[in-house]
Amino acid sequence: MVKTLRLLMGLAAVSLLVAAALHAGLIIPGPFDTAAQYETGVAVILLIGIGVTFVGGSTARWAALASLVLALGGATIGLYLAILGLAPNTGVDIVYHVVLVALLVASIVVAWRLDSEAAPSRMS
C-alpha cells in the first residue's frame, strides 16, 4: 500500500511542477509567477514526504500525512483564489484544482490506512 501512496504523491508533485512551469511561462507565456512559486513549494513538500516514506514505521506515515495535509491546504487555497478570480482561473485551472484536491484526499485516505506499526522493511 505504501507504493500506492508514493505513486499518488508523486503524481500530485509532478502535476504541480508542470502547473508551475506553465504559470512561470516556461511552457506557454504566463504572468503568474506567484502561483508558480506556491506550486513549486507544495511539490517540494510532497517530494520530501515521499522521501520520508522510505524511512519506514509510524514516522514515515505521519510525515506523509503532514505533507499531504499541507498540500491539500495549498490546493484548496488555490481553488478558492481561482474561483474568486484572484489567481489563474480558466476552466482548466479550476478543473485541475478540483482533481488535485480529490487526488490529495485519496492519498490521505491511503496514508491513514497504512499500518502505523509497520516495520521499515514492510514500508520499502
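Q: Which helix is Asp93 found in?
A: Asp93 sits in helix H4, which covers residues 91-113. Bear in mind that this is a predicted model.

Q: What makes Asp93 a buried acid without a salt bridge?
A: Asp93 is buried, and its nearest side chain of opposite charge, Arg6, is 29 Å away. A salt bridge needs the nitrogen and the carboxyl oxygen within 4 Å, so Asp93 has none.

Q: Which side chain makes a polar contact with Asp93?
A: That's His23, at 3.4 Å. The cut-off for a polar contact is 3.5 Å, so the pair qualifies. His isn't counted as positive, though, so Arg6 is still the one listed as nearest opposite charge.

Q: Where is Glu39, and what is its nearest side chain of opposite charge?
A: Glu39 belongs to helix H2, residues 33-52. Its nearest oppositely charged side chain is Arg6, 25 Å away. With a limit of 4 Å for a salt bridge, Glu39 therefore has none, and it is buried.

Q: What joins the side chains of Glu39 and His23?
A: A polar contact of 2.9 Å. The limit is 3.5 Å, so this one counts. His23 also has the 3.4 Å contact with Asp93.

Q: How do you know that the length of helix H1 agrees with its number of residues?
A: Helix H1 runs over residues 2-24, which makes 23 residues. At 1.5 Å a residue it should span 33 Å, and its end C-alpha atoms are 32 Å apart, so the two agree.

Q: What follows H1, and what is the sign of its phi?
A: Gly25 comes next, and its phi is positive, near 85°.

Q: Why is Met9 called buried?
A: Met9, a residue of helix H1, has a relative accessibility of 0%. Buried means under 20%, so Met9 makes the cut.

Q: Why does Val18 count as partly exposed?
A: Val18, also found in helix H1, comes in at 43% relative accessibility. Partly exposed lies between 20% and 50%, so that's its class.

Q: What makes Val18 eligible for a nonpolar surface patch?
A: Patch residues need over 30% relative accessible area, and Val18 has 43%, so it passes that test. The patch is about 560 Å² and is made by Val14, Val18, Leu22, Leu26, Ile27 and Ile28.

Q: Why are Thr90 and Ala102 called partly exposed?
A: Thr90, in the loop between helix H3 (57-84) and H4, has a relative accessible area of 44%. Ala102, in helix H4, has 46%. Both values fall between 20% and 50%, so the label fits.

Q: How far apart in space are Thr90 and Arg61, and Ala102 and Ala75?
A: Thr90 and Arg61 are 29 residues apart along the chain, with their C-alpha atoms 35 Å apart. For Ala102 and Ala75, 27 residues apart, the C-alpha separation is 9.9 Å.

Key:
Residues are numbered from 1 along each chain as its sequence is written. This is a predicted model: local features need pLDDT of at least 70, side-chain atom pairs count only at pLDDT 80 or more; totals for chains, interfaces and linings use all residues. Side-chain values use heavy atoms; hydrogens and water are left out. Helices (H or I, at least four residues) and strands (E, at least two) are DSSP runs, numbered from the N terminus. The expected span of a helix is 1.5 Å times one less than its number of residues. Patches are made of residues with over 30% relative accessible area and no salt bridge: like charges are joined within 9 Å, nonpolar side chains (Val, Leu, Ile, Met, Phe, Trp, Tyr) within 5 Å. Accessible areas come from the Shrake-Rupley method with a 1.4 Å probe; for residues, only the protein chains shown count as cover. Buried means under 20% relative accessible area, exposed over 50%, partly exposed in between (1.4 Å probe, protein chains only). A polar contact is a pair of N or O atoms within 3.5 Å; within protein, one must be able to donate a hydrogen and the other to accept it, and residues adjacent in sequence count only if both atoms are side-chain atoms.
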